[in-house]
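These are my notebook entries on a structure I opened today. I went through selected positions one by one and recorded what I found.

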Amino acid sequence: MIQVADNMFTPNEINLFLSEVYHLAYNIKSGDTDDFPSGAAGVVQTDSLLYATIKRAIFKLWPELQEQELYDCHTNCFWPGEHTAFHKDNPADGSVTVIYYCDDNEWNEGGTEILNEDEKTVECILPVPGRIMRMSGNKLHRATSYRNKQRLTIAFKFRPFANE
């Protein structure tokens, strides 16, 4: 199940988030899979306004996620023309990934492609600044890049608590 929400943030918040994410330190030794390194990741501080504001919007949209463990939150940065591999964020049933899109470009590139293995189709969610997208954490997906600048997103990853 893929869900998309727009218009959750003010233009000032969207600009503030983009500036904060753009200026983070990134680890370029990150990647979607061990055998296919791509992109870079940055740490989102859990005491930041960015983290608190987006998390509040996520819980407003999907209150049931408050019943899960938010075990990871980081930024992703992909360079122009970069290729990425399909991957799963978490193999567990019930896991959820929520992506916040920081920016877009004029050519409608930089989407998140979600693979439907049964139907052999791909659904693409295009980036819109301030957009939030929810999908199952165990769905194969990948980022696509822009042709002219870095693609910036924030990933919030949830999973059922261990005792459930």
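**Entry 1. Gly-94 and its partners**

I looked up the contacts of Gly-94, setting aside residues up to four places away in sequence, and found Gln-68 and Pro-160. I note at the outset that I am working with a predicted model. Gly-94 sits in the loop that links β5 and β6. I asked whether Gly-94 counts as buried, partly exposed or exposed. With a relative accessibility of 43%, Gly-94 is partly exposed, because this class lies between the limits of 20% and 50%. I then took the distance to one of the two partners: the C-alpha atoms of Gly-94 and Gln-68 are 9.1 Å apart, with their positions 26 residues apart along the chain.

**Entry 2. Pro-160**

I turned to the other partner. Pro-160 belongs to the segment that follows β11. I found Pro-160 partly exposed, at a relative accessible area of 25%. Beyond the neighbours within four places in sequence, Pro-160 makes contact with Gln-68, Asp-93, Gly-94 and Ser-95. I also recorded the separation of Pro-160 from Asn-90: 70 residues in sequence, but 11 Å in space from C-alpha to C-alpha.

**Entry 3. Strand β11**

I next followed β11, which covers residues 151–159, and selected two of its positions. Lys-157 is located in this strand. Is Lys-157 buried or exposed? I found a relative accessibility of 11%, so Lys-157 falls under the 20% limit and counts as buried. I listed what Lys-157 touches when residues up to four places away in sequence are not counted: Glu-69, Leu-70, Tyr-71, Asp-72, His-74, Asp-89, Val-96 and Thr-97.

Thr-153 is also placed in β11. I noted a relative accessible area of 3% for Thr-153, which is therefore buried. With neighbours within four places in sequence left aside, the contacts of Thr-153 are His-74, Thr-75, Asn-76, Ile-99, Tyr-100, Tyr-101 and Cys-102. I remark that His-74 appears among the contacts of Thr-153 and also among those of Lys-157.

**Entry 4. The loop before β11**

I moved back along the chain to Lys-149, in the loop between β10 (141–143) and β11. Lys-149 is partly exposed, at 32% relative accessibility. I found that Lys-149 touches Phe-78, Trp-79, Pro-80, Asp-103, Asp-104 and Asn-105, residues up to four places away in sequence not being counted. For one of these, Asn-105, I took the C-alpha to C-alpha distance from Lys-149: 8.3 Å, across 44 residues in sequence.

**Entry 5. Helices α1 and α2**

I examined how helix α1 (residues 11–22) meets helix α2 (residues 49–61): their axes come within 10 Å and cross at roughly 130°. This angle makes α1 oblique to α2. I recorded the crossing of α1 past α2 as left-handed. Which residues make the contact? From α1 I listed Glu-13, Leu-16, Phe-17, Glu-20 and Val-21, and from α2 Leu-49, Leu-50, Thr-53 and Ile-54. Sorted by class, the contact of α1 with α2 comprises 6 nonpolar, 1 polar and 2 charged residues.

I then checked α2 alone. Its 13 residues reach 18 Å from the first C-alpha to the last, close to the 18 Å expected at 1.5 Å a residue. I found Leu-50, Tyr-51, Thr-53, Ile-54, Ala-57, Ile-58 and Phe-59 to be the buried residues of α2. What do the buried residues of α2 pack against? I noted α1, β5 (69–78), β6 (96–101), β9 (132–136) and β11. The strand of Entry 3 thus returns here, as β11 is one of the elements that these residues pack against.

**Entry 6. Positive phi angles**

Finally, I looked up backbone angles. Most residues other than glycine have a negative phi. I recorded Asn-7, not a glycine, with a positive phi of about 60°. Asn-7 occupies the loop between β1 (3–5) and α1, and is exposed at 78% relative accessibility. I also recorded Asn-108, again not a glycine, with a positive phi of about 55°. Asn-108 is in the loop between β6 and β7 (112–116). With a relative accessible area of 56%, Asn-108 is exposed, because the limit for that class is 50%.

Conventions:
Residues are numbered from 1 along each chain as its sequence is written. This is a predicted model: local features need pLDDT of at least 70, side-chain atom pairs count only at pLDDT 80 or more; totals for chains, interfaces and linings use all residues. Side-chain values use heavy atoms; hydrogens and water are left out. Helices (H or I, at least four residues) and strands (E, at least two) are DSSP runs, numbered from the N terminus. Buried means under 20% relative accessible area, exposed over 50%, partly exposed in between (1.4 Å probe, protein chains only). Contact means heavy atoms within 4.5 Å. Axes are lines fitted to C-alpha atoms, for helices over the stretch in contact, and angles run from 0 to 180 degrees between N-to-C directions. Angles under 35 degrees count as roughly parallel, over 145 as roughly antiparallel, 65 to 115 as roughly perpendicular and the rest as oblique. A crossing is left-handed if the near helix is turned anticlockwise from the far one by less than a right angle, and right-handed if clockwise. Ala, Val, Leu, Ile, Met, Phe, Trp, Tyr, Cys and Pro count as nonpolar, Asp, Glu, Lys and Arg as charged, and the others, Gly among them, as polar. The expected span of a helix is 1.5 Å times one less than its number of residues.
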